[in-house]
Amino acid sequence: MSLELGPLRLQGPGATDAVGRLLGGRAEPGFFYALSGALGAGKTTLAQGILSGAGVEAVGGSPSFLIVRTYRGRLTVYHVDLYRLGEGAAGEPLGWEEILEGEGLAVVEWAEYLRPLWPAEYLWLRLERPEGAEGYRLLRLEAAGGTYERLAREVAAAC
Ligand SMILES: Nc1ncnc2c1ncn2[C@@H]1O[C@H](COP(=O)(O)OP(=O)(O)O)[C@@H](O)[C@H]1O
Ligand SMILES: [Mg+2]
């Protein structure tokens with residue numbers, strides 16, 4: 001059972017950042033935010049907003065060259081980008097159990113590549129840049145678990 005909301009319209013990068021900050025501010029130990037969307041859809045923008053909201057001060061760039069970047073904010077935050085691993089991601093010995101089921105917040109770009117390892121409860125954020133869209137993105141939310149369902153509703157109400 002899960003709750004699906006959207007599409008929500010995010011008008012400009014600032015709107016993507018604002019959703020991220022809200023999510024980062026609400027994050028608790030063990031949280032899992034799954035991010036999906038084609039290249040250029042806004043995943044890293046959203047992830048950086050989440051990091052800021054979670055109290056991470058020095059946010060690096062996209063983790064594209066490092067699969068996992070670990071930050072200390074209000075809580076430990078793992079920023080993961082699976083783009084280069086693709087479908088083989090789950091088989092890589094990168095300590096997924098600690099990242100996905102430990103005490104930190106996991107923010108995972110291209111999260112679909114790790115689908116078999118997702119925790120039972122999650123918030124899945126799917127970004128889309130519609131054909132020809134310049135100044136906005138669409139965001140769809142799928143929440144599994146009461147905590148994430150409430151959060152998804154809060155995001156929808158804020159957009
Ligand atoms: N809501 C939005 N409206 C318009 N542009 C956006 C929005 N969110 C992000 N962008 C822009 O889209 C581009 C790609 O963003 P990025 O986060 O790098 O995407 P991804 O990580 O999915 O490849 C950036 O220039 C970013 O500023
Ligand atoms: Mg990116």
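Helices (H or I, at least four residues) and strands (E, at least two) are DSSP runs, numbered from the N terminus. With that in hand, here are the views of this predicted model.

**View 1. Methionine 1 at the start of the chain.** Methionine 1 sits in the segment that precedes strand S1 (3-11). Only 12 or fewer C-beta atoms within 10 Å are allowed for an exposed residue, and methionine 1 has 5 such neighbours, so it counts as exposed. Look also for alanine 144: its C-alpha atom is 6.6 Å from that of methionine 1, although 143 residues separate the two along the chain.

**View 2. The surroundings of ligand 1.** The shell around ligand 1 holds 16 residues, and Thr16, Gly42, Lys43, Thr44 and Thr45 come nearest. Two or more residues each are supplied by helix H1 (13-26), helix H2 (43-53) and strand S7 (136-144). Sorted by class, this shell contains eight polar, six nonpolar and two charged residues.

**View 3. The fold of the protein chain.** Four helices and seven strands make up the secondary structure elements here. Follow the protein chain along its sequence and you meet them as β-α-β-α-β-β-α-β-β-β-α. The radius of gyration is 14 Å, close to the 15 Å from the globule rule for 159 residues, so the protein chain is as compact as a globular protein of that length.

**View 4. Packing and extent.** Along the principal axes, the C-alpha atoms of the protein chain fill a box of roughly 40 × 35 × 30 Å. Of its 159 residues, 41% count as buried. Among contacts between residues at least 6 apart in sequence, 69% join residues at least 24 apart.

Definitions and conventions
Residues numbered from 1 in each chain as written. Chains lettered and ligands numbered in written order. Predicted model: local features only at pLDDT ≥ 70, side-chain atom pairs only at ≥ 80, totals over all residues. Near = placed C-beta within 6 Å. Nonpolar A, V, L, I, M, F, W, Y, C, P; charged D, E, K, R; others polar. Buried ≥ 20, exposed ≤ 12 C-beta atoms within 10 Å, placed from the backbone. Rg over C-alpha atoms; globule rule 2.2 N^0.38 Å. Contact = placed C-beta atoms within 7 Å.
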